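Here's a quick briefing on a few local features worth a look while you have the structure open. Grab your viewer and follow along.

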Amino acid sequence: MTARKTQTMKPATAAKKLDVYLPATPAEFQDGVVSREELNALQTDPPEWLRELRKNGPHPRSVVAARLGVSISGLARAGVTEALTTDEIDAIRTENPDWLDRERATQAEVRRQEAELKRTRSD
């Protein structure tokens, strides 16, 4: 009987699965490989550095977009291309620039159309 080979992934893949910005992770995380077991352990019992990143950032664009209620494309249209911290995201919410209202409306319309399409397909 042969032993099962441990599944591993690149740090970028693991960071994406953990919803964290790879350049903000510790060097040992960035330089190594992550096994499926290690990923599961990070998800179930996150170390301090991971809890801190999830709380304060910097956050990857997917997380920034979700927290602002817009799409990643909407962020790009607004010129937001970098990772943002929680404080920066909160500042954008507080400022509520015109682009944010527009992109939220666009996102709401896209979701409405997707729901309508799904409803018509199921009928």
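T86 counts as buried because its relative accessibility is 14%, and the cut-off for that label is under 20%. Keep in mind that this is a predicted model. T86 sits in helix α7, which covers residues 86–95. From there, the tour goes on to an aromatic pair and some backbone oddities.

**Around T86**

- The side chain of T86 has a polar atom 2.6 Å from the backbone oxygen of K55.
- Which residues touch T86, once its neighbours within four places in sequence are left aside? They are K55, N56, G57, H59 and R67.
- One of those contacts, G57, turns up again below, since it takes part in a cis peptide bond.

**The aromatic pair**

- How many aromatic pairs does the structure hold? There is 1.
- It's made by F29 and W49, with ring centres 5.4 Å apart and 55° between the planes, and it is classed as tilted.
- The pair links distant parts of the chain: F29 belongs to helix α2 (residues 27–31) and W49 to helix α4 (residues 48–56), with their positions 20 residues apart.
- Is F29 buried or exposed? F29 counts as buried, because its relative accessibility is 8%.
- W49, its partner, is at 26% relative accessibility and so counts as partly exposed.

**A cis peptide bond**

- Most peptide bonds are trans.
- The bond joining G57 and P58 is cis, with omega at about 10°.
- P58 is in the loop between α4 and α5, the latter being residues 61–68.

**Positive phi angles**

- Most residues other than glycine have a negative phi.
- D19 isn't a glycine, yet its phi is positive, at about 60°.
- You'll find D19 in the loop between α1 (11–18) and α2.
- With a relative accessible area of 44%, D19 is partly exposed.
- N96 isn't a glycine either, and its phi is also positive, at about 45°.
- Where is N96 placed? Look in the loop between α7 and α8 (98–122).
- N96 has a relative accessible area of 31%, so it is partly exposed.

Conventions:
Residues are numbered from 1 along each chain as its sequence is written. This is a predicted model: local features need pLDDT of at least 70, side-chain atom pairs count only at pLDDT 80 or more; totals for chains, interfaces and linings use all residues. Side-chain values use heavy atoms; hydrogens and water are left out. Rings of Phe, Tyr and Trp (its six-membered ring) pair if their centres lie within 6.5 Å; planes under 30 degrees apart count as stacked, over 60 as edge-to-face and the rest as tilted. Helices (H or I, at least four residues) and strands (E, at least two) are DSSP runs, numbered from the N terminus. Buried means under 20% relative accessible area, exposed over 50%, partly exposed in between (1.4 Å probe, protein chains only). A polar contact is a pair of N or O atoms within 3.5 Å; within protein, one must be able to donate a hydrogen and the other to accept it, and residues adjacent in sequence count only if both atoms are side-chain atoms. Contact means heavy atoms within 4.5 Å.
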